[in-house]
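Student: Could we take a close look at one part together? I would like a connected walk through it.

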Amino acid sequence: MKIFSESHKTVFVVDHCPYMAESCRQHVEFDMLVKNRTQGIIPLAPISKSLWTCSVESSMEYCRIMYDIFPFKKLVNFIVSDSGAHVLNSWTQEDQNLQELMAALAAVGPPNPRADPECCSILHGLVAAVEALCKITEYQHEARTTLMENAERVGNRGRIICITNAKSDSHVRMLEDCVQETIHEHNKLAANSDHLMQIQKCELVLIHTYPVGEDSLVSDRPKKELSPVLTSEVHSVRAGRHLATKLNLLVQQHFDLASTTITNIPMKEEQHANTSANYDVELLHHKEAHVDFLKSGDNHVGGNSREGTFKETVTLKWCTPRTNSVELHYCTGAYRISPVDVNSRPSSCLTNFLLNGRSVLLEQPRKSGSKVISHMLSSHGGEIFLHVLSSSRSILEDPPSISEGCGGRVTDYRITDFGEFMRENRLTPFLEPRYKIDGSLEIPLERAKDQLEKHTRYWPMIISQTTIFNMQAVVPLASVIVKEAMTDEDVLNCQKTIYNLVDMERKNDPLPISTVGTRGKGPKRDEQYRIMWNELETLVRAHINNSDKHQRVLECLMACRSKPPEEEERKKRGRKREDKEDKSEKLGKDYEDKPWQESERLKGLLDREKEELAEAEVIKDSPDSPEPPNKKPLITMDEMPTVEKAKGPMSLLSLWSNRINTANSRKHQEFIGRLNSVNNKAELYQHLKEENGMETTENGKAGRQ
Amino acid sequence: MPTVVVMDVSLSMTRPVAVEGSEEYQRKHLAAHGLTMLFEHMATNYKLEFTALVVFSSLWELMVPFTRDYNTLQEALSNMDDYDKTCLESALLGVCNIVQQEWGAAIPCQVVLVTDGCLGIGRGSLRHSLATHSQRSESNRFPLPFPFPSKLYVMCMANLEELQSTDSLDCLERLIDLNNGEGQIFTIDGPLCLKNVQSMFGKLIDLAYTPFHAVLKCGHLTSDVQVFPRPEPFIIDEEIDPIPKAINTDLEIVGFVDIADISSPPVLSRHLVLPIALNREGDEVGPGITDDTEDENSANQIAGKIPNFCVLLHGSLKVEGMVALVQLGPEWYGMLYSQADSKKKSNLMMSLFEPGPEPLPWLGKMAQLGPISDAKENPYGEDDNKSPFPLQPKNKRSYAQNVTVWIKPSGLQTDVQKILRNARKLPEKTQTFYKELNRLRKAALAFGFLELLKGVADMLERECTLLPDTAHPDAAFQLTHAAQQLKVASTGASEYAAYDHNIAPLQTDFSSSGAERM
């Protein structure tokens, strides 16, 4: 792929000399009489376009197709030549659209047949074209600036399409010589200039056009290298639709386009609205969209005529969309399209259908066999794209399911909460540049990353790892504390939340922790609140460096949780609360080392242990996790030494290992295989052997595959 | 990307190798040893790779079609007979057919050619193929370059000195050149022995079959993952930027977008993102298989019970119908989404967009995407009923803006008919009449088609004379006015033929604002 190939810059040079005002001698009936009004009226005489009109509308059609398919980085400079050169636009992207060109052409108007032919020449235009090719485009400039010392990698190539009426082959040669000489001269100039670039390669496409019915004085000539810099080709074409056809072929050649005909498009008849007929619409697009057909040389593609290389079109069948559901297709390429016959009724019906937001799948017509959907037409923001869908076998077929891998057996992920998180962290375009306080440009995407960092400072992944995120009462605080800056109102809300929690504690309201982890009695209420307060503190501490207001929330939290008189009383009862708080405070301070994850993981494991005991009560929020295989608790609650039973200063580790040991020793009993095993190996499917000796071996084989 | 192993089973592969020790080895044994090592590696670390085995001499045969069952491949290695001479061209042609039949032309494949560097004699030998390369027609095209993206690895059961003593190495290098330089030749360092064969295949494994490990990050939430198949480096523009770009091993989520908004974007490649558990030694536990199955099972069970961010992300992406945009490198992005293989199985997938600042025109520049909280009001609406996407392009495409094309007479006739139809419904259709009239006028001026303006003016005048008695009197006024305006424009005189000028309806006593006139 090269950005700066010949098709980066195209210069149109259209002859505006007096003889171009001549008629193309192809008549157009424009007064088509409508039925039932025809009596006695003679239709107006047909009119005919001039050579100029034919040239201009054909070159506009070339540009239309090009702009449709390549709205950027493919540029046109339009020059009209008579007694001088009139450059109608520049290489800048703003000048690259049909409206600009049409307005400029209208200002030029048709050639004046009464002007002095001696002062008029196409040469003025050709010289101006070479000059234009030396001028740097904004894309070339940008590439040179970013490449710095490698700026010489930026190529400068271009194409000149010259539509004129030449007198003879030697006249054509004279034009070619002139272009070659001019390139030579301008390259010398450009060598000493920062604003100009030397032309490395120029393709001259000379189109000689003449009225229908006349003999051509100029012969066709295929592309020929005139010098290392210049190649030239000559096309001798009759005016009228022949010229338009030629330019249509050239735009396909120059921009590597290919044609697809959508067939079987059902459409309401204009006259009889209740009947529908099938139509075909031909579209142009980059030929990469046919890469599968090109490479495999597939001949099943219909309508593929070998003769006349450019009449080739690939036929694809319309599949009427059944639903409006949004699906993510595996799409290997998307290419902008342009209808060949943009104004025809079938074309505009198709494009309007797509522009209204519907997508259409396209099927390869096959003589036999299964239906193969290979493409999709879809519009995005008023632009229609031909999507190439992968129709070959996937190399990723039959992958291991996510539930079989790491973390796949966990059943209480906070799927809904993370969905909410994702919606809050959706992206939106910021087209106006924004500036930071220090005046530097702010990159919106960096802001997005920043926000993700803040929002995930404390984010437990599973329900049993958290208390506060299972509490509706904490939401007002949790939703604003992650913000970069809080308003006074936010702080007030946080404080209210904290007071509310204090209130709940005083009223001895139950917390969600008790119902998640255990059946029957959970940890005692005050223990629950201690866990909750600790977790809340971890969350708030993770954000205290955001602003002073965040700090104020922490202060409020600390003040509230250490003060209540009930708490004081409980402390007297011998709980070593203070120690633990100090510890958790320390942990909270350097949240960036993610100590919470460590402690939470431990807690999570503990909790999960409980959860295994009471899996029936677990909130199943993970759609891909399998159903717990055995809902019956392995051991009963009474036998479990639970957290709340432990008295005195007991470390978390000893709690944990005690529990694991007890649990494991009980679990072990259940493995009869292991009890009966020899050298730790037990024979499987013994009963099958007893029942049916033959089948066992077969099963064994199947199992290995 | 699938692998085709192409094994030379010509007689020259049975040449004995001098090895100290009791057993006598042939080159084919060395080859089988090397391939065994490759298959074992794949079965352990790269087990989702599809591999096929082709053997060839003067003929070729597909021994094992594409499979992930490395036991079958292994078995086939021990069941190979010896045949006649080496005929590489037909074997490569066979590879073309096999790959295209199975995968089409778009999926990249790796071809591992195992040979001893004896390239055959006479017709069908590589020398002969290369000598006649320039005189080929389209019908008997040389199979290289392969019609699909490919890497050709030549594993020579010979050392460099041996290959250089003939022109074998040159021929093989030509082969790689013909495949657009995609591939590499491996030779045995030092004497031919099992150890050196192992080290040669080790190099191939390092180059082509090392699993790609990365860390998936979303702020502080992270997960170690394997990305399969390995993402390959990509060249953006061979002229401006010829250095291949590789993706980061930190895959950083930058934000989320609805599936409807991302809208089936074109991607370079798709990859499974498999969470892995790295233990202290840095070996993975998870998709890999360790020798001790019991250990593995218990390790897998433990890993399965530790909450993993990938699973959480996958679940939420699936439920919400969203994708996560992920940054893969400087100006390179991709997306993560849930992909369902069947009703039950689904997976976290990553697709890579083409590198560049704006891979999807309908999302705009990636760097300009920011958090919705920075916007004045939520661009998704309070009830989640809006979307800031797709972005509208600055200029409309031709099919969206009612352009005028008169290349076919029917285009011109339709436009004239529209004017005429509206002319007959004046004054009700005054607005549309003038709209169509002005559209025609503009195009005619741009194309320098002044004769048409005159023609349409004549036509309108005629319509005026044909008006029935019942016609509204305003119709005649408007028709005459329009005709007259077109006539003056058709002179091309600058004061009447200005492109931006529009013919306005004549203000008459009959029109609503008539009272204000004079």
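Student: Does B:Arg439 count as buried or exposed, and at what relative accessibility?

Tutor: Happy to help! This is a predicted model, where local features need pLDDT of at least 70 and side-chain atom pairs count only at pLDDT 80 or more, while totals for chains, interfaces and linings use all residues. Residues are numbered from 1 along each chain as its sequence is written, chains are lettered from A and ligands numbered from 1 in the order in which they are written, and side-chain values use heavy atoms, with hydrogens and water left out.

B:Arg439 counts as buried because its relative accessibility is 14%; buried means under 20% relative accessible area, exposed over 50%, and partly exposed in between (1.4 Å probe, protein chains only). B:Arg439 forms a salt bridge with B:Glu436, and their closest N and O atoms are 3.5 Å apart. A salt bridge here is a side-chain nitrogen of Lys or Arg within 4 Å of a carboxyl oxygen of Asp or Glu. The two residues sit three apart, about one turn, in helix 12 (residues 430-446) of chain B. Helices (H or I, at least four residues) and strands (E, at least two) are DSSP runs, numbered from the N terminus. B:Glu436 is buried as well, with a relative accessible area of 9%.

Chain A offers a pair to set beside this one. A:Lys449 and A:Glu446 are also three residues apart, in helix 10 (residues 444-455) of chain A, and their salt bridge has its closest N and O atoms 3.2 Å apart. Here A:Lys449 is buried at 13% relative accessibility, whereas A:Glu446 is partly exposed at 40%.

Back in chain B, B:Asp116 and B:Arg15 meet through their side chains in a salt bridge of 3.0 Å, N to O. This pair links distant parts of the chain, 101 residues apart: B:Asp116 is in the loop between strand 6 (109-115) and helix 4 (126-131), and B:Arg15 is in the loop between strand 1 (3-8) and strand 2 (16-17). B:Asp116 is buried, with a relative accessible area of 1%, while B:Arg15 is partly exposed at 26%.

Salt bridges also run between the chains, where the count is 11. One of them joins the side chains of B:Lys408 and A:Asp341 (2.9 Å, N to O). There is a network too, in which salt bridges link A:Asp31, B:Arg424, B:Arg462 and B:Glu463. Over all chains, the count comes to 52 salt bridges.
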